[in-house]
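Biologist: Could you give me a close look at one part of this model, with the packing and the charge pairs spelled out? I'd like the cut-offs too, so that I can redo the numbers.

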Amino acid sequence: PGNIVYTFVNAVQRAFEAHAKVRLGRAQEGIAQLSAIREFLESELRRDPTSYRVQMDICAVASRQARGFAAWSSETETPLEARRERLAGAEAHLFRAESLFATMKPRPHGMVLLSLEFAREDVAAAKAELEAEGGVSLKP
């Protein structure tokens, strides 16, 4: 508990749990939890912009946020415009993860890379679903 690495591992673990909440129908709770975790990590990065550990964790959490927002945008009982806004959130979180990933040396691998790949797939699938339902092409 006094170990700083434990703090960050715990944050990433909580992001997995928050994403699960979104997938299990507790979207608002999961999205709020993901946002709080990400805010914590972003504040840590502002304190230490060179921290590779924090950068990796932000990539992982932002990827989870993108996946969560993509899943949330699939709720068919929600108006189409709100679903589009959620997809835009997914794209913004994916952009943050991609941007940070591109600047990291060495490039992360393992869980971070896998999370990013899954986020790309989920956002693309959500976008295709909304395009099919809305009959209009969304911005790239």
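Modeller: Let's go through helix α2, then its charge pairs, then some of the packing elsewhere.

First, the ground rules: this is a predicted model, with local features needing pLDDT of at least 70 and side-chain atom pairs counting only at pLDDT 80 or more, while totals for chains, interfaces and linings use all residues. Residues are numbered from 1 along each chain as its sequence is written, and side-chain values use heavy atoms, with hydrogens and water left out.

Helix α2 covers residues 27–47, which is 21 residues. Helices here are DSSP runs of H or I with at least four residues (strands are E runs of at least two), numbered from the N terminus. From first C-alpha to last, α2 reaches 30 Å, close to the 30 Å expected at 1.5 Å a residue; that expected span is 1.5 Å times one less than the number of residues. The buried positions of α2 are A27, G30, I31, Q33, L34, I37, R38, L41, E42, E44 and L45. Buried means under 20% relative accessible area, exposed over 50% and partly exposed in between, using a 1.4 Å probe and protein chains only.

Two of those buried residues carry charge and pair up: R38 and E42 make a salt bridge with their closest N and O atoms 2.9 Å apart. For a salt bridge, a side-chain nitrogen of Lys or Arg has to sit within 4 Å of a carboxyl oxygen of Asp or Glu. Both partners are in α2, four residues apart, or about one turn of the helix. R38 comes out at 12% relative accessible area and E42 at 15%. As a general point, side chains of opposite charge can pair when their charged atoms come close.

E29 has a partner as well: K21 meets it in a salt bridge at 3.1 Å, N to O. With R26 added, K21 and E29 are linked in a salt-bridge network. E29 is partly exposed, at 37% relative accessible area. The whole structure holds 12 salt bridges.

Helix α3 (residues 52–72) shows another four-residue spacing, between R53 and D57. Their closest N and O atoms are 3.3 Å apart in a salt bridge. D57 is buried at 2% relative accessibility, whereas R53 is partly exposed at 31%.

Back to α2: one of its buried residues, L34, is touched by H19, which also touches R64, R67 and G68, leaving aside residues up to four places away in sequence. Contact means heavy atoms within 4.5 Å. H19 belongs to helix α1 (residues 4–23) and is buried, with 5% relative accessible area.

α2 also turns up around α4: along with α3 and α5, it is part of what covers the buried residues of α4. Among those buried residues are L87, A90, L94 and F101. Helix α4 (residues 80–103) packs on α5 (residues 111–134) at about 155°, with the axes 10 Å apart. Axes are lines fitted to C-alpha atoms, for helices over the stretch in contact, and angles run from 0 to 180 degrees between N-to-C directions. So α4 is roughly antiparallel to α5, given that over 145 degrees counts as roughly antiparallel, under 35 as roughly parallel, 65 to 115 as roughly perpendicular and the rest as oblique. The contact includes L87, A90 and L94 of α4 and L116, A119 and V123 of α5.
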